[in-house]
Amino acid sequence: MTAAIAQTLDEALAGGITPDADLMLSVAAYVQGGRLLGSGLYANLNALSDDARPLLAEAVHAQTGRALRAHLIHDGTAACALYAGAPNAAVIVVGTALGIGFPPATDFDLRPLVPALNMLSPTGW
């Protein structure tokens with residue numbers, strides 16, 4: 001996982017994009033704090049640590065030299081963030097399993113990956 005993240009960061013930098021220090025990781029598992037719930041593939045990270053966020057951040061730092069803060073978000077919840085504040089919205093994710101995500105009540109905590117993406121957002125975040 002961390003090798004793929006490190007490669008993506010390198011490619012972004014090579015393409016002129018400077019990623020934020022907050023590393024948002026969308027995973028096919030429900031997340032509570034830094035703990036991955038269930039018994040799926042990603043939940044196996046719980047065998048290494050009760051909170052996978054610092055573990056992932058340290059592993060990526062070791063490969064890239066970049067100090068990052070890792071955040072985990074369920075893939076359905078991430079997909080549904082586009083509909084922040086929308087009533088009666090949900091996204092069903094079909095992949096490693098079926099998952100469902102519900103939008104946050106507001107778009108207050110959301111921000112674009114890079115400033116240029118701000119103009120692409122239908123909600124203005």
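V91 stands opposite G101 in β6, and this pairing is a convenient place to enter the structure, which is a predicted model. Strands β5 and β6 run antiparallel and are joined by four bridges. Along β6 the side chains alternate in direction, so that G99 and G101 point to one face and are buried, while L98 and I100 point to the other face and are not buried. The residue that faces V91, namely G101, therefore belongs to the buried side of this alternation.

The other side of β6 leads to the surface. I100, which is found in strand β6, has a relative accessibility of 32% and counts as partly exposed, because that value lies between the 20% limit for buried residues and the 50% limit for exposed ones. I100 is also one of the residues of a nonpolar surface patch of about 730 Å², made together with Y30, L37, I92, V94, L98 and F102. Both strands of the pair contribute to this patch, since β5 (91–94) and β6 (98–101) each supply at least two of its residues.

With this corner in view, the whole chain can be set around it. The protein contains three helices and six strands, and from the N terminus on its elements run in the order α-β-β-β-α-β-α-β-β, with β5 and β6 as the two strands that end the series. Of the 125 residues, 30% count as buried. The accessible surface of the protein comes to about 7,900 Å², and 60% of that area belongs to carbon and sulfur atoms. Among contacts between residues at least 6 apart in sequence, 46% join residues at least 24 apart.

H74 offers an example of how separate stretches of the chain meet. H74 lies in strand β4, which covers residues 69–74, and at 5% relative accessibility it counts as buried, because this value is under the 20% limit. Leaving aside its neighbours within four places in sequence, H74 is in contact with S26, V27, A29, Y30, V31, G99 and I100. Two of these names have appeared already in the nonpolar patch, where Y30 and I100 are both members, and G99 is one of the residues on the buried face of β6. The side chain of H74 also makes a polar contact with the side chain of D75, at 3.3 Å.

A second histidine, H61, sits in another setting. H61 has its place in helix α2 (residues 52–64) and is partly exposed, with a relative accessible area of 37%. When its neighbours within four places in sequence are left aside, H61 is in contact with R66 and A67. The C-alpha atoms of H61 and T2 are separated by 9.3 Å, although the two residues are 59 residues apart along the chain.

Charged side chains give another way to trace the fold. Side chains of opposite charge can pair when their charged atoms come close. A search of the whole structure finds three salt bridges. In one of them the side chains of R69 and D22 meet, with an N to O distance of 2.9 Å; this pair links distant parts of the chain, as R69 is in strand β4 and D22 is in strand β1 (residues 22–27), 47 residues apart. R69 counts as partly exposed, at 46% relative accessibility.

Another salt bridge is formed by D50 with R35, whose closest N and O atoms are 3.3 Å apart. This pair, too, links distant parts of the chain, with D50 in the loop between β3 (35–36) and α2, and R35 in strand β3, 15 residues apart. D50 is exposed, with a relative accessible area of 58%, whereas R35, at 34% relative accessibility, counts as partly exposed. In a further salt bridge the side chains of R53 and D51 meet at 2.9 Å, N to O. R53 counts as partly exposed at 27% relative accessibility, and D51 likewise counts as partly exposed, at 25%.

The path ends with a backbone feature in the loop that leads to β5. Most residues other than glycine have a negative phi. N88 has a positive phi of about 60 degrees although it is not a glycine, and N88 is found in the loop between α3 (75–80) and β5. With a relative accessible area of 87%, N88 is exposed. Beyond this loop the chain enters β5, the strand whose V91 stands opposite G101 in β6.

Key
Residues are numbered from 1 along each chain as its sequence is written. This is a predicted model: local features need pLDDT of at least 70, side-chain atom pairs count only at pLDDT 80 or more; totals for chains, interfaces and linings use all residues. Side-chain values use heavy atoms; hydrogens and water are left out. Buried means under 20% relative accessible area, exposed over 50%, partly exposed in between (1.4 Å probe, protein chains only). Contact means heavy atoms within 4.5 Å. Accessible areas come from the Shrake-Rupley method with a 1.4 Å probe; for residues, only the protein chains shown count as cover. Patches are made of residues with over 30% relative accessible area and no salt bridge: like charges are joined within 9 Å, nonpolar side chains (Val, Leu, Ile, Met, Phe, Trp, Tyr) within 5 Å. A salt bridge is a side-chain nitrogen of Lys or Arg within 4 Å of a carboxyl oxygen of Asp or Glu. A polar contact is a pair of N or O atoms within 3.5 Å; within protein, one must be able to donate a hydrogen and the other to accept it, and residues adjacent in sequence count only if both atoms are side-chain atoms. Two strands pair if DSSP finds at least two bridges between them.
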